[in-house]
Amino acid sequence: MESSSSFEVSASSEKPLLECLEEIAMERHKLALEEGRIRVSQWMGHSVRAEQCRMKMGLILTGVGDKVMRLWSSENFRCLEEYSIPEKLPLIDFDFDESKIVGLVGRNLCIWSRSGKRSIFPSRECTFVEGSCMRYFDPEAVVGCGDGTAHVFDMYSRRCSRIVRMLPGPVTCLCVGDDQLILGGSLHGNIGVSGLRSDQRVAMLRSRNTIGIKTMCYNASSHLVFAGSTAGHVYCWDLRTMKPLWESRVSPNVVYSLRHLQNDRSSLAVGGIDGILRILDQNTGTVRSGCIMDSRLLSTYQSGVGVVEERIGNRLSDETPIDAIHRRSRPPITSLAVGMNKIVTTHNDKFIRLWKFRN
């Protein structure tokens, strides 16, 4: 499947070696997601359900459903740490890095150190009525709220530094970029754009047919914004022109999650209520592949978490009717995260799936 021309580094290239190697890695990643063999590992990660997942540095963080977040190894699926949620407060959103986990819990922001120590922001600082989503870019965390505002917090002083009026309706999803941008999506179909240092929206992304923005991600390396809708559409805007680039209806129903590997300008992973894991071309919106897990069990083995089931992943042909695929083979994908040659998914049930793509 690999051709020598696919991964050649031109001898006359003036690019630094690390940049050339990254391009090769990204090309391999693209080919693996679009054409590679798929192996799916599934294990029971939570006693009630796992609705959201994040993946970084070979680690997977899952939660929302029971009163605990769990950090897993993506290599052997062992649970490395558990982080308890304050009693009687729902976990709404979270993210993590090498030293901490940041979570939106009820009307509070919480920070857990990787050692497990928990710190809750003072209630007098968390003045928002209804927080629906949260993202952070150290040292600031941003909470999207039901009144259309985004509350920006300094995570070290634990104070609210500013309130940004993003949208005329509730903020349903957020992106915070390393270029100091905040983007907030709304079920009305608009995306507000602001800066971390501003208290006002500076631009609005619109498309003639945009409705019900449910999820969003921003690729800072290409300046492209991607959004998934309640009607199964995926939209793309170029922030340099503030204009829509493409629109594609990839699913008959809700798109819950879409993500890409950092610095990858080729592939976009999309999941939603129909349970099909789709790989899109970031530049055109073309669906390159649709994947489901085969119902036949390949093998099982014991891990620190219990039984891990191994199955093959199947790629669907364009002619395959979705309704002909049994729901057990395609539970709704409520969240996904992308790593190099792999994608983790959660399904609002007890199980976590790790999809590995191999050339």
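Two strands count as paired if DSSP finds at least two bridges between them. Strands themselves are DSSP runs (E, at least two residues), numbered from the N terminus. The model here is predicted, so to speak of local features we need pLDDT of at least 70, side-chain atom pairs count only at pLDDT 80 or more, and totals for chains, interfaces and linings use all residues. Residues are numbered from 1 along each chain as its sequence is written, and side-chain values use heavy atoms, with hydrogens and water left out.

**Exercise 1. Find the neighbours of strand β11 and the bridge partners of glycine 144.**

Step 1. Start with β10, residues 131-137: it pairs with β11 in the antiparallel sense, over six bridges. A hairpin of two residues links β10 to β11.

Step 2. Pick out one bridge here: cysteine 133 has glycine 144 of β11 as its partner.

Step 3. Now go to the other neighbour, β12 (residues 149-154), which pairs antiparallel with β11 over five bridges. Glycine 144 has alanine 150 as its bridge partner in β12.

Step 4. Check the turn: three residues lie between β11 and β12 in their hairpin, and glycine 148 there has a positive phi of about 85°.

**Exercise 2. Sort the residues of β11 by the way they point, and say whether they are buried or exposed.**

Step 1. Recall the general pattern: in a regular strand, side chains alternate between the two faces of the sheet.

Step 2. Split the strand: Glu140, Val142 and Gly144 point one way, while Ala141, Val143 and Cys145 point the other way.

Step 3. Apply the cut-offs: buried means under 20% relative accessible area, exposed over 50%, partly exposed in between (1.4 Å probe, protein chains only). Six of the six residues in β11 (140-145) are buried, which leaves the strand mostly covered.

**Exercise 3. Describe the surroundings of aspartate 93.**

Step 1. Place it: aspartate 93 sits in strand β6, residues 91-96.

Step 2. Aspartate 93 counts as buried because its relative accessibility is 5%.

Step 3. Look for contacts (heavy atoms within 4.5 Å). Leaving out residues up to four places away in sequence, aspartate 93 touches several residues, including Gln52, Val102, Leu104 and Cys133.

Step 4. Look for a polar contact, meaning a pair of N or O atoms within 3.5 Å; within protein, one must be able to donate a hydrogen and the other to accept it, and residues adjacent in sequence count only if both atoms are side-chain atoms. The side chains of aspartate 93 and arginine 54 make one at 2.6 Å.

Conventions:
Helix = DSSP H or I, 4+ residues; strand = E, 2+ residues; numbered from the N terminus.
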